[in-house]
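User: I'm new to this and would like a close look at one part of this model, the place where the helices pack against each other. Could you walk me through it in plain words?

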Amino acid sequence: MNKMSWLLYLGFAADVIADVLIAVSLCTILLRSKTGIKSTDSKVSFIMAFTVNTGLLTSICALACLITYAIWPQRFIFLGIYFAQSKLYVNALLGSLNARGNIGQSQAGTTMIVPGTSLGTRSIAFNDLDLIEIGTTVERKTFSDGRDLSHHDSSAGSETNH
């Protein structure tokens with residue numbers, strides 16, 4: 001195995017370099033693509049953030065393979081990370097394919113409501129979807145005199161109002 005170990009070092013190093021170069025080149029191209037139009041620039045910024053996040057994750061995994069092989073070449077710890085790395089590449093590809101539909105949308109599409117803003121919901125545009133609401137509904141129960149029942153512990157017994 002020692003005669004062939006330089007191939008593993010070379011492969012892991014090439015993996016790290018390729019991931020970093022792809023992420024940097026995509027960000028450079030996207031940065032030059034900004035037009036000054038707010039809607040277009042926000043979409044370009046979203047793509048850049050996605051590129052950095054996926055490129056960083058795969059680069060860290062490739063670097064972890066290189067480091068674990070350099071430290072423990074006989075223990076095969078690097079193989080577990082290496083097998084997980086292929087799944088990261090597939091997830092990055094599927095994530096970018098799934099994000100395509102959401103990036104080109106206008107606000108005229110159907111909305112999806114998710115928790116997140118000061119009002120408790122925020123809307124995101126999707127095409128060809130029915131209205132989907134994700135969140136919680138708070139129902140307030142009160143006594144007949146107007147006191148809030150939701151602050152009382154239900155296991156402590158129930159109050160009756162005569």
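Analyst: Let's start with the chain as a whole and then go through the helix packing pair by pair.

A word on the ground rules: this is a predicted model, so local features need pLDDT of at least 70 and side-chain atom pairs count only at pLDDT 80 or more, while totals for chains, interfaces and linings use all residues. Residues are numbered from 1 along each chain as its sequence is written, and side-chain values use heavy atoms, with hydrogens and water left out.

The chain has three helices and three strands, and read from the N terminus they come in the order α-α-α-β-β-β. Here, helices (H or I, at least four residues) and strands (E, at least two) are DSSP runs, numbered from the N terminus. Of the 162 residues in the chain, 20% are buried. "Buried" means under 20% relative accessible area, "exposed" means over 50%, and "partly exposed" is in between, with a 1.4 Å probe and protein chains only. The accessible surface comes to about 11,900 Å², and carbon and sulfur atoms own 64% of that; such areas come from the Shrake-Rupley method with a 1.4 Å probe, and for residues only the protein chains shown count as cover. Looking at contacts with a separation of 6 or more, 40% are between residues 24 or more positions apart, where a contact means heavy atoms within 4.5 Å.

Now for the first pair, α1 and α2. Helix α1 covers residues 5-32, and helix α2 covers residues 38-71. Their axes come within 9 Å and cross at roughly 165°. An axis is a line fitted to C-alpha atoms, for helices over the stretch in contact, and angles run from 0 to 180 degrees between N-to-C directions. That angle is why α1 and α2 count as roughly antiparallel; the cut-offs are under 35 degrees for roughly parallel, over 145 for roughly antiparallel, 65 to 115 for roughly perpendicular, and oblique for the rest. The contact of α1 with α2 involves 21 nonpolar, five polar and two charged residues. In this sorting, Ala, Val, Leu, Ile, Met, Phe, Trp, Tyr, Cys and Pro are nonpolar, Asp, Glu, Lys and Arg are charged, and the others, Gly among them, are polar. The crossing of α1 and α2 is left-handed, meaning that the near helix is turned anticlockwise from the far one by less than a right angle (clockwise would be right-handed).

Zoom in on L30, which sits in α1. With a relative accessible area of 15%, L30 is buried. Setting aside residues up to four places away in sequence, L30 touches V44, I47, M48 and T51. Its C-alpha atom is 9.5 Å from that of D41, a residue 11 places along the chain. For contrast, try N53 in helix α2: at 51% relative accessibility, N53 counts as exposed. The C-alpha atoms of N53 and A23 are 9.0 Å apart, although 30 residues separate them along the chain.

Next come α2 and α3, the latter covering residues 77-103. These two pack at about 175° with their axes 8 Å apart, so α2 and α3 are roughly antiparallel too. Their contact is made up of 18 nonpolar residues, six polar and one charged. On the α3 side you'll find L88, which is partly exposed at 22% relative accessible area. L88 touches L57, T58 and C61, leaving out residues up to four places away in sequence. With C61, the C-alpha atoms are 8.6 Å apart across 27 residues of sequence. In the loop between α2 and α3 sits F76, which has a positive phi of about 60° although it isn't a glycine. F76 is partly exposed, at 42% relative accessibility.

That leaves α1 and α3, which pack at about 35° with axes 14 Å apart. Their crossing is left-handed. The residues that make the contact are L8, F12, D15 and D19 of α1, together with F78, Y82, Q85 and Y89 of α3. By type, they come to five nonpolar, one polar and two charged.

Q85 is a nice residue to end on. Q85 belongs to helix α3 and is buried, with just 2% relative accessible area. Not counting residues up to four places away in sequence, Q85 touches D15, D19, T58, C61, A62 and C65.
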